[in-house]
Amino acid sequence: MRKLLFKSLLQRPLTEAPPAENERVLSELARTLERAARRRLGRSLSIREVDAGSCNGCELEIHALANVFYDLERFGLRFVASPRHADVLLVTGPVTHNMRTALERTYQATPDPKWVVAVGDCALDGGMFAEGYACVGGVSKVIPVDLHIRGCPPSPTALLEGLIALVEKSSNSS
Amino acid sequence: MPFISALADRGSLVVAHRPWPRIVVDADVWRDAIVGIAAGQATLLGLWSDGEVVHMGMISEAKILVISLPVPQRRFPSVGLTHPPALWLERAIRDLYGWEPEGLPDTRPWLDHGRWGIAHPLGARPPVPPDRAAYEFLKAEGGELHQIPVGPVHAGIIEPGHFRFTANGETIVRLEERLGYVHKGIEGLMRDAPLERATKLAARVSGDSTVAYGIAFARAVEAALALKVPQRAVLLRALMAELERLANHFGDIGAICNDASFSLMHTHCGALREHVLRAAHACFGHRLMMDRVVPGGTAADLDNNGLITLRALIEVVRGKFPELVELYDNTASLQDRTVTTGIVKPELARQYGAGGYIGRASGRSFDARRTPGYAPYGELGFDVPVRREGDVDARVWIRVREVEQSLGLIEQITERLPKGPIRIDALAAEPPKGTCEGLALVEAFRGDILAWVRVAGDGKVACAHLRDPSWFQWPLLEAAIEGNIVADFPLCNKSFNCSYAGHDL
């Protein structure tokens with residue numbers, strides 16, 4: 001173990017420069033956050049991830065945000081284990097009927113002010129699963145959504161862009 | 001005469017079913033098949049329905065057989081009554097079609113949580129009131145027991161499912177899983193879907209196995225159409241499948257150690273996983289290689305830069321991974337958590353036909369790449385690692401050894417990749433001559449996926465069934481956790497890493 005740790009000290013970090021703020025994401029945020037709570041959160045957001053029916057592809061890329069290349073925590077973003085500790089709900093999947101209640105309860109358990117980020121094409125409008133008997137559709141059919149991050153699944157960079165924009169706006173709008 | 005061969009003579013053969021036979025049988029033969037499977041003469045591969053009959057797939061050595069029982073009275077003899085691995089599958093058929101498995105010992109709904117507004121969505125679809133009685137969990141009796149309900153929303157970034165623990169102090173007396181939360185009705189969506197849409201749906205059954213599902217579905221369609229795929233595509237598919245296996249195994253090895261609070265392994269394995277995903281993106285244009293496998297071939301080719309990327313990837317992994325394996329092997333505090341934790345007994349692995357690292361860590365050497373085997377693995381050299389301990393440690397070691405095998409496979413594939421086309425238009429090359437059916441068994445990173453498809457004369461998918469390896473692995477987690485402490489559950493669960501989405505479908 002010592003050998004590995006020592007090597008890590010001598011190597012350059014794998015962590016990469018943050019992506020630039022994305023214009024489209026910012027404009028969508030500007031619209032939605034005007035209505036949102038104005039209380040200052042500082043440049044820090046706690047995120048609770050909720051899989052409301054995804055194929056787990058989005059979860060894999062959200063996981064990747066925590067690896068050394070993207071290192072989410074340097075932006076003041078961290079994943080928390082309970083909605084009661086969260087500012088942001090990161091919701092994936094077409095919302096299935098079987099997950100609808102759980103999603104609603106998770107939203108209710110999240111203290112205000114809160115933001116909801118819908119991740120992936122399915123979370124936008126139900127994607128390929130919209131027509132079936134088992135899915136409600138996009139996340140916004142169940143709880144209000146502040147930001148959509150597109151992709152199937154969105155890359156970690158696309159996720160970072162969206163989340164960084166959210167931090168910037170939430171601290172500017174105070 | 002071997003069990004399957006004897007059985008195959010006792011029904012009428014369905015002509016347009018490839019590559020393995022499907023026979024229509026009566027209830028007596030159905031019952032004999034159940035008894036044979038329960039006695040271990042064959043392994044259950046799947047139990048599903050197409051809305052008209054109920055199908056049972058089985059394998060013995062390299063022989064595969066599907067038997068189909070018509071259900072005019074909407075009832076069929078329960079398999080789960082005699083052979084418990086079929087229990088969940090039968091509860092699912094009961095929910096989706098409204099057919100009654102006669103004698104089924106557990107008639108609680110499974111995928112149907114009473115939220116669809118209708119019952120039997122793939123059958124008669126009668127409307128139902130939403131206020132159904134609460135789900136009753138199985139009882140545990142004895143003094144000093146308490147229950148811990150967990151989920152469907154979990155503390156980590158994982159899929160939803162409910163775990164009901166009954167514990168005596170720290171020790172788990174009973175775990176009961178309740179799944180179905182991410183049921184999206186994929187089989188319903190596949191009905192009468194154009195081939196292209198059905199292919200995309202198949203690629204989204206379980207995102208971590210999107211390549212394997214792509215291959216399984218494509219092979220089933222190609223079997224139905226009797227279509228031959230260009231050799232370059234066959235090898236490219238295997239290349240993607242091995243990259244997918246690498247990425248998932250790195251993720252799992254790291255995450256298992258992380259659940260034992262050893263984050264150093266997690267960090268380094270996470271970096272290796274990222275290297276693989278970036279190589280996949282550079283080679284095939286998508287980090288998870290989603291939608292890159294299609295009936296008729298592949299949708300992405302590999303150029304010279306891709307070959308260079310892959311060589312660089314292998315060099316990075318070969319440089320870093322051995323140190324991590326050494327670290328795992330030499331850290332006593334980590335071994336203390338993984339060795340003898342969450343044991344799956346070899347008898348159970350055999351009975352359930354558990355595939356992947358779960359079966360192979362418990363003495364079941366089955367690997368669909370070998371048995372029944374499919375191209376191009378017959379011409380490539382690789383070992384199938386097997387251990388008998390059945391604990392978390394053994395499941396880690398199987399993954400470690402499989403990483404090494406996958407690296408070797410990727411090298412062999414890149415060396416022998418022939419020039420030529422990567423795709424032929426499946427329906428144009430072999431238009432279906434009436435209804436035809438195909439079956440495929442493909443080794444995903446977590447075990448064998450069974451894909452069955454019926455292609456209609458107009459080229460649409462009449463119906464399809466995709467059986468995730470998790471169906472036969474989730475129940476073993478309930479057994480493995482018994483007698484372990486609650487705090488070791490995340491560790492055991494991660495060492496299984498079953499798919500919720502793949503199971504819930």
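# A walk through chains A and B

Begin by selecting residues 162–168 of chain B, which are strand E10, together with residues 171–178, which are strand E11; the two strands pair in the antiparallel sense over 7 bridges. The model in the viewer is a predicted one, and everything pointed out below should be read in that light. With both strands shown, pick Phe163(B) and look across to E11(B), where its bridge partner is Glu177(B). Then follow the chain round the end of the pair: E10(B) and E11(B) form a hairpin with 2 residues between them, and in that turn Gly169(B) has a positive phi of about 65 degrees.

**The mixed sheet of chain B**

Stay in chain B and select its open sheet of 5 strands, which come in the order E1-E3-E6-E5-E4 with mixed pairing. Its edge strands, each of which pairs on one side only, are E1 (12–13) and E4 (43–49). From the E1(B) edge, step to strand E3 of chain B, residues 22–24, which runs antiparallel to E1(B) and is joined to it by 2 bridges. Here Leu13(B) can be picked out opposite Ile23(B) in E3(B). Now add residues 27–38 of chain B, which are helix H2; this helix packs on the sheet and touches E4, E5 (53–60) and E6 (63–70) of chain B, and the direction of H2(B) makes about 140 degrees with that of E6(B).

**Two helices further along chain B**

Next, select residues 392–416 and 489–496 of chain B, helices H14 and H17, which pack at an angle of about 35 degrees with their axes 9 Å apart. The crossing of these two helices, H14(B) and H17(B), is left-handed. To see what makes the contact, display the side chains of Val392(B), Arg395(B) and Val396(B) on H14(B), and those of Leu491(B), Cys492(B) and Ser495(B) on H17(B). Sorted by class, the residues of this contact between H14(B) and H17(B) are 4 nonpolar, 1 polar and 1 charged.

**Chain A and its parallel sheet**

Turn now to chain A, which has 6 helices and 7 strands, and trace its elements from the N terminus in the order α-α-β-α-β-β-β-α-β-α-β-β-α. Of the 174 residues of chain A, 49% count as buried. Among the contacts in this chain between residues at least 6 apart in sequence, 85% join residues at least 24 apart.

Select the 5 strands of its open sheet, ordered E2-E1-E3-E5-E7, in which the pairing is parallel. The edges are E2 (77–79) and E7 (147–149) of chain A, each pairing on one side only, and neighbouring strands of the sheet are turned against each other by 30 degrees on average, direction ignored. At the E7(A) edge, strand E5 of chain A (residues 115–119) runs parallel to E7(A) and is joined to it by 3 bridges; look there for Ala118(A), which stands opposite His148(A) in E7(A). Helix H3(A) packs on this sheet, touching E1, E3 (88–92) and E5 of chain A, with its direction at about 140 degrees to that of E3(A).

**Where the chains meet**

Finally, show both chains together and select the interface, where 40 residues of chain A are in contact with 41 residues of chain B. On the chain A side, the elements that give two or more residues are strand E1 (45–51), helix H3 (57–64) and helix H4 (97–109). Colouring that side of chain A by class gives 22 nonpolar, 13 polar and 5 charged residues.

Terms used:
Residues are numbered from 1 along each chain as its sequence is written. Chains are lettered from A and ligands numbered from 1 in the order in which they are written. This is a predicted model: local features need pLDDT of at least 70, side-chain atom pairs count only at pLDDT 80 or more; totals for chains, interfaces and linings use all residues. Two strands pair if DSSP finds at least two bridges between them. Helices (H or I, at least four residues) and strands (E, at least two) are DSSP runs, numbered from the N terminus. Two residues are in contact if their C-beta atoms, placed from the backbone, lie within 7 Å. Ala, Val, Leu, Ile, Met, Phe, Trp, Tyr, Cys and Pro count as nonpolar, Asp, Glu, Lys and Arg as charged, and the others, Gly among them, as polar. A residue is buried if 20 or more other C-beta atoms lie within 10 Å of its own, exposed if 12 or fewer, and partly exposed in between; C-beta atoms are placed from the backbone. Axes are lines fitted to C-alpha atoms, for helices over the stretch in contact, and angles run from 0 to 180 degrees between N-to-C directions. A crossing is left-handed if the near helix is turned anticlockwise from the far one by less than a right angle, and right-handed if clockwise.
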